[in-house]
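Subject: Structure for you to look at

Hello,

Here is the structure I promised to pass on. Please open it and keep it beside you as you read my notes below.

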Amino acid sequence: MSEFEMTDLGLMHYFLGLEVIQSYAGIFMCQRRYVQDILTKFQMQDCNPVYTPAETSLKLVKDPDGVKIDSTLYKQIVGSLMYLTSTRPDIMFVVSLISRFMKNPTEMHLMAAK
């Protein structure tokens, strides 16, 4: 502070989508607020929670005859989920699976992402 002008904002609470809780027991991070923002952004706040990130028998393939969807929306969903994997490694496999179809996504791929 003697070299540069700065302001002490206290303990960090929220930074780049990460909630930070600092206590004497340690520092804890989560992305609960980021997840809520994602659900709101993609109109999924009323969705049903599940314990597994994807159906256990999920088989995604290229679907040239399927109904094409907006690839920008699909890329936004996949990108948001990729950022979420920093605190949720359990969804990494499914996110990498759905990211393979970003070039020509169809409704089947969108449903898997949701």
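Start with Y74. Beyond its neighbours within four places in sequence, Y74 is in contact with I69, I98, F101, M102, P105, H109, L110 and A113. Keep in mind that this is a predicted model.

Y74 also belongs to the largest nonpolar core. That core has 18 residues, and Y74 is among those that touch the most other members, along with L60, I77, L81 and I98. Helix 1, helix 2, helix 3 and helix 4 each give two or more residues to this core. Helix 2 gives the most, with 5 residues. As a general point, nonpolar side chains in soluble globular proteins tend to be buried together.

Now the pockets. The largest pocket has a volume of about 980 Å³. Its lining counts 31 residues, and the closest to its centre are V50, T52, P53, A113 and K114. A113 you have already met, as a contact of Y74. The lining draws at least two residues from each of helix 1 (32–41), helix 2 (71–84), helix 3 (92–98) and helix 4 (107–113). Helix 4 supplies the largest share, 4 residues. By class, this lining divides into 24 nonpolar, 3 polar and 4 charged residues.

The second largest pocket has a volume of about 160 Å³. Which residues line the second largest pocket? They are K62, D63, P64, K68, R100, F101, K103, N104 and H109. Two of these names, F101 and H109, also appear among the contacts of Y74. The class split for this lining is 2 nonpolar, 2 polar and 5 charged.

Next, the sheet. It is open, with 3 strands in the order 1-2-3 and antiparallel pairing. Strand 1 (14–15) and strand 3 are the edge strands, each pairing on one side only. Strand 2 (residues 18–23) and strand 3 (residues 26–30) are antiparallel and share 5 bridges. A hairpin of 2 residues joins strand 2 to strand 3. Two pairs are worth finding on screen. V20 stands opposite M29 of strand 3. Q22 has I27 of strand 3 as its bridge partner.

Is I27 buried or exposed? I27 is exposed, because its relative accessible area is 60% and the cut-off for exposed is over 50%. I27 sits in strand 3. Leaving out residues up to four places away in sequence, I27 touches V20, I21 and Q22. Q22 is therefore both a contact and the bridge partner of I27.

Last, T85. Where is T85 found? T85 lies in the loop between helix 2 and helix 3. T85 counts as buried, because its relative accessibility is 11% and the cut-off for buried is under 20%. Setting aside residues up to four places away in sequence, T85 touches I91, M92 and V95.

If you have time for a single stop, I suggest Y74 again. Y74 has a place in the largest nonpolar core, and its contacts include I98 and L110.

Best wishes

Technical notes: Residues are numbered from 1 along each chain as its sequence is written. This is a predicted model: local features need pLDDT of at least 70, side-chain atom pairs count only at pLDDT 80 or more; totals for chains, interfaces and linings use all residues. Side-chain values use heavy atoms; hydrogens and water are left out. Two strands pair if DSSP finds at least two bridges between them. On a 1 Å grid over the protein atoms alone, a cavity is a set of points where a 1.4 Å probe fits but cannot get out, and a pocket is an open set with protein on both sides within 12 Å along at least five of seven lines; lining residues have an atom within 4 Å of a point. Grid points are joined across faces, edges and corners, and a volume is the space filled by probe spheres set on the points. Ala, Val, Leu, Ile, Met, Phe, Trp, Tyr, Cys and Pro count as nonpolar, Asp, Glu, Lys and Arg as charged, and the others, Gly among them, as polar. A nonpolar core is a set of buried Ala, Val, Leu, Ile, Met, Phe, Trp, Tyr and Cys residues joined through side-chain atoms within 4.5 Å. Buried means under 20% relative accessible area, exposed over 50%, partly exposed in between (1.4 Å probe, protein chains only). Contact means heavy atoms within 4.5 Å.
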